Amino acid sequence: MLELLEAIFDEVKPMLGEGKVADYIPALASVDPHQFGIAICDIEGHITSIGDADVPFSIQSISKVFNLVLAMNHYGEGMWERVGCEPSGLPFNSLVQLEYEDGIPRNPFINAGALVVSDMTQSRFASPHIGMRDFVRRLSCNDNIFANKVVADSEFEHRARNAAMAYLMKAYNNFENEVEDVLHSYFNNCALEMSCVDLARATNFLANRGYSKCADEQVLSPDQNRQVNALLATSGMYDEAGSFAFKVGLPGKSGVGGGVIAVVPGRFSICVFSPALNAVGNSHLGVAALTSLSKRINWSVY
Ligand code: GLN
């Protein structure tokens with residue numbers, strides 16, 4: 001496995017310097033773009049890693065996966081009346097479909113969908129962010145996971161677009177709590193800092209029919225787990241989901257902090273980190289490394 005990671009690393013590393021770090025969140029603009037790490041966790045919990053795999057980074061939209069899991073555990077199938085399961089084909093922070101579709105976001109991984117899911121967890125947890133932080137600590141066997149307050153505050157200060165989405169959904173009666181309260185929880189979750197090793201461990205249940213070996217916990221039923229992987233495959237990489245399926249063929253989720261997770265059902269969870277993003281906001285080297293991995297070993301689910 002280490003030889004495989006070394007080969008991918010050597011192939012993709014020359015691309016460092018291409019792409020651009022997210023600067024619409026000012027606190028992320030100063031991140032060093034020349035970082036690159038990969039970690040793979042098998043379903044026995046063994047980790048293989050290379051490069052900057054132990055460097056904590058802002059998980060951003062990867063948090064949407066964990067928040068969705070928490071909501072699925074507290075709501076029945078009825079939650080899918082408030083958020084859909086179709087790809088959007090539009091940028092992650094788009095508002096346009098909300099008006100055509102009565103304030104029901106297309107899926108839980110675009111920002112509008114993640115905000116509705118955050119509204120759900122806000123209604124069920126006394127302190128939603130602490131619930132989420134403790135959840136990812138359990139899943140990754142690491143009690144040293146914290147939100148970066150500077151990043152969370154920077155996002156809150158520049159919240160206009162996410163606030164606009166949430167208020168629009170409130171106008172359609174698809175938002176129960178105070179918008180600003182939910183935004184605080186959502187930004188704190190996005191600002192959690194985890195390494196590739198943490199994230200490969202924390203998402204391992206997705207490869208293992210919903211069971212987390214680290215937490216020794218059945219996090220989702222096998223059926224729910226299949227639903228989450230299907231959503232990741234169709235919507236996890238935003239409007240690059242189609243070409244990611246074509247090139248990589250694995251359920252995956254990206255964040256504008258430069259992380260990408262991918263799942264090989266029944267076998268492995270993978271996390272790649274490199275902060276410079278491509279035009280749709282996915283890690284440039286992250287997508288390239290997973291493409292290289294898929295070419296070398298035929299792990300595509302299709
Ligand atoms: N916190 C970011 C936002 O709301 C998350 C976006 C992302 O990682 N794609 O804009």
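UniProt positions are given here in the numbering used for this chain, and such annotations may be inferred rather than shown by experiment. The structure described is a predicted model. The unreviewed UniProt entry carries a "binding site" annotation that covers S61, N111, E155, N162, Y186, Y238 and V256.

The overall architecture is considered before the individual sites. The secondary structure of the protein consists of 13 helices and nine strands. The C-alpha trace extends over about 55 × 40 × 35 Å along its principal axes. For a chain of 302 residues, a compact globule would be expected to have a radius of gyration near 19 Å, and the 18 Å computed for the protein agrees with that value. Of the 302 residues, 53% are buried. Where contacts join residues at least 6 apart in sequence, 67% of them link residues at least 24 apart. The mean pLDDT of the protein is 96, and 100% of its residues reach 70 or more. The ipTM of the model is 0.96 and its pTM is 0.97.

The surroundings of the ligand were examined next. The residues around the ligand are Q60, S61, F92, N93, N111, E155, N162, C190, G255, V256 and G281. By class, this shell contains seven polar residues, three nonpolar residues and one charged residue. N162 appears in the shell around the ligand and is also covered by the "binding site" annotation in the UniProt record. N162 is placed in helix 7, which comprises residues 160-171. Because 23 other C-beta atoms lie within 10 Å, N162 is classed as buried. When residues up to four places away in sequence are left aside, N162 touches N111, L115 and L183. One of these contacts, N111, is itself named in the UniProt annotation and belongs to the residues around the ligand.

Y186 is another position covered by the annotation in the record. Y186 lies in helix 8, formed by residues 179-190. The residue has 30 C-beta neighbours inside 10 Å and therefore counts as buried. Apart from residues up to four places away in sequence, Y186 is in contact with A114, L115 and S118. L115 is thus a contact of Y186 and also a contact of N162.

Q60, one of the residues around the ligand, has a notable backbone geometry. Its phi is positive, about 45°, although Q60 is not a glycine. Q60 is situated in the loop between strand 3 (57-58) and helix 2 (63-74). With 24 C-beta neighbours inside 10 Å, Q60 counts as buried. A positive phi, of about 60°, is also found at N173, which is likewise not a glycine. N173 occupies the loop between helix 7 and helix 8. Since N173 has 10 C-beta neighbours inside 10 Å, it counts as exposed.

Several residues bring together parts of the chain that are separated in sequence. I261 is found in strand 8 and counts as buried, with 29 C-beta neighbours inside 10 Å. I261 and I40 are 221 residues apart in sequence, yet their C-alpha atoms are 9.7 Å apart in space. Not counting residues up to four places away in sequence, I261 touches I62, L199, T203, G252, K253, S269, I270 and C271.

S269 also takes part in the surroundings of N204. N204 lies in helix 10, which covers residues 204-207. The residue is buried, as 26 other C-beta atoms are located within 10 Å. The C-alpha atoms of N204 and S269 are separated by 5.1 Å, while the two residues are 65 apart along the chain. Beyond residues up to four places away in sequence, the contacts of N204 are C41, I43, S212, K213, C214 and S269.

P265 is located in the loop between strand 8 (259-264) and strand 9 (268-273). With 18 C-beta neighbours inside 10 Å, P265 counts as partly exposed, whereas I261 in strand 8 is buried. The C-alpha atoms of P265 and R226 are separated by 9.2 Å, with their positions 39 residues apart along the chain counted as their separation. Residues up to four places away in sequence excluded, P265 touches A207, N229 and V301.

How values were computed: Residues are numbered from 1 along each chain as its sequence is written. This is a predicted model: local features need pLDDT of at least 70, side-chain atom pairs count only at pLDDT 80 or more; totals for chains, interfaces and linings use all residues. Helices (H or I, at least four residues) and strands (E, at least two) are DSSP runs, numbered from the N terminus. A residue is buried if 20 or more other C-beta atoms lie within 10 Å of its own, exposed if 12 or fewer, and partly exposed in between; C-beta atoms are placed from the backbone. Two residues are in contact if their C-beta atoms, placed from the backbone, lie within 7 Å. A residue is near a molecule or strand if its C-beta atom, placed from the backbone, lies within 6 Å of it. Ala, Val, Leu, Ile, Met, Phe, Trp, Tyr, Cys and Pro count as nonpolar, Asp, Glu, Lys and Arg as charged, and the others, Gly among them, as polar. The radius of gyration is taken over C-alpha atoms; the globule rule is 2.2 Å times the number of residues to the power 0.38. pLDDT is the predictor's confidence in each residue, from 0 to 100.
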